[in-house]
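Q: Please take a close look at one part of this structure, its second largest pocket, and explain for a newcomer what surrounds that space.

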Amino acid sequence: MGKYDYDIGILGGGSAGLTTAAGAAQFGAKTLLIDKEAKLGGDCLHYGCVPSKTLIKTAHVYHLMKNASRFGLPQHKIMQADFRDISNRIKSVIAVIQKHDSVERFCGLGVKVEFGNAVFKNDHTVSLNGRDVTAKSWVIATGSSPAIPKIQGLEHTPFITNREVFYLDHLPKSMIVLGAGPISTEISQAFSRLGTEVTVIQRSGQILGKEDNDMADAVMQNLAAEGVNYYLNTAILSVKDLGGEREVTIKSKDGKTGAIRAETILIALGREPNLKGLGLEYAGVEHDGKGLKLDSRLRTTQKHIFGAGDVTGAYQFTHAAGYEGGIVLTNAILHLPRKADYTFFPWCTYTDPELASIGMNETAAKESGLKYAVWIEEFKNNDRGLAEGEGLGRIKLVLDAKEKPLGVQILGLHAGELISEWVAALNGGVKLSALAGAVHPYPTLAEINKRVVGNYFSGKIFSDKVKKTLKFFFSLRGRACGI
């Protein structure tokens, strides 16, 4: 009989927890998965990625309907959207995916799933629903929650977060959004397209603070053109409940104060890890406000307890959580010393146009003190983009002093899909010359990947030195026409 009840126990039924649990069970480990929510899937399935992308698609179609004349189609009067129907569609999409993240499926894989609040009693034991459960290894993958700021009057003022915004019973006439990160920016555009008057308040002078300024500004300018109002470099002094409206008092960078009113306040000011109440002090697991203290193998201060997902304090994306779940699986079950490597890690903000990145952007390269060069190709030169009516955006290729790729950023239609070519190329060590020589179907948006690399090589291939050499050997006679 084993010393512990389970080979591995996992706290959290989101992407990181589900990835680890499925893999561990299939490797033959006796696996326990504990989730505090009533259903598996985590924040992504119920309050994040899935509902937001479903909402974004609905808003995009509605936007196209209202702009049919742009595509040579008759323009008809469009009825106001009913958010209850939109919310029902969101729920229907979630329900389909929920089957994949069901207790039955994981039980079929060999995973024991339980629901409740697990609290560590020591580094191998948790208390769950009035009984003790032990495991040889534990994984903390409890995700994150919206960070709620300390603002005067907020405790007496109704507000919503990403947990409520997809399940409203009506479309708000107006909405004040606090924060301008990816979640805020995506939701702001979607609700604005559906007919809500949206105002965004941001403390800094840029939305999407981790992105290059020129790329983030292009996103903001497009959203502003669609009707989203922005207050940058603006502090929030207080909020107040006026009954049918909420009032936010603000202060600009130059010291001027004012008040903005709206039906709804959405708070999107970042995330905080779900670590409170887990009894980590009894397990000897150290953490801070950002997350768990982990080594490169995602081990906590107790080497048999791992962390994955938003609790790492690193990249708060579902695909990051899934990747980290794989790292934990390799270390905890296979006992192979695999380290997490985020050198060429991709992410995307799903605005219209989308903004996708991998590796270092220009801002990060500059902050790191690296010598770099930037190569740019505009979507206005992409034939498919023009045919789609989407000529806004560009691709930026950042190269180091040795002309090796540091990273790529793409702003444009389907940028999240286009960045995948770079995910394979950069993580696979593919040479730029191979990308430049690869044949892409015409006309496709993906040609922009080839074109930006071609821009880099064209200065070398068509240099004066090369032309003089060809003239010397082959008696080429130069230009046949000039303006």
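A: A pocket, as the word is used here, is an open set of grid points where a 1.4 Å probe fits, with protein on both sides within 12 Å along at least five of seven lines, and its lining residues are those with an atom within 4 Å of a point. In this model, which is predicted rather than determined by experiment, the second largest pocket has a volume of about 490 Å³. Its lining is made up of 19 residues, and those that lie nearest the centre of the pocket are Lys57, His60, Glu354, Leu413 and His414. Two elements, α3 (49-66) and α12 (415-427), each give two or more residues to this lining. Of the contributors, α3 gives the most, with five residues. Sorted by class, the residues around the pocket comprise eight charged, six nonpolar and five polar ones.

For some context beyond the pocket, one may also look at a sheet in the same model. Here three strands are arranged in the order β11-β12-β13, forming an open sheet whose pairing is antiparallel. Its edges are β11 (234-241) and β13 (257-262), each of which pairs on one side only, and from one strand to the next the twist averages 25°. The strands β11 and β12, the latter covering residues 246-252, run antiparallel and are joined by seven bridges. Within this pairing, Asp241 has Arg246 of β12 as its bridge partner.

Terms used. Residues numbered from 1 in each chain as written. Predicted model: local features only at pLDDT ≥ 70, side-chain atom pairs only at ≥ 80, totals over all residues. Heavy atoms only, no water. 1 Å grid on protein atoms, 1.4 Å probe; cavity = no way out; pocket = protein on both sides within 12 Å on 5 of 7 lines; lining within 4 Å. Points joined across faces, edges and corners; volume = space filled by probe spheres on them. Helix = DSSP H or I, 4+ residues; strand = E, 2+ residues; numbered from the N terminus. Nonpolar A, V, L, I, M, F, W, Y, C, P; charged D, E, K, R; others polar. Pairing = 2+ DSSP bridges. Axes fitted to C-alpha atoms, helices over the stretch in contact; angles between N-to-C directions.
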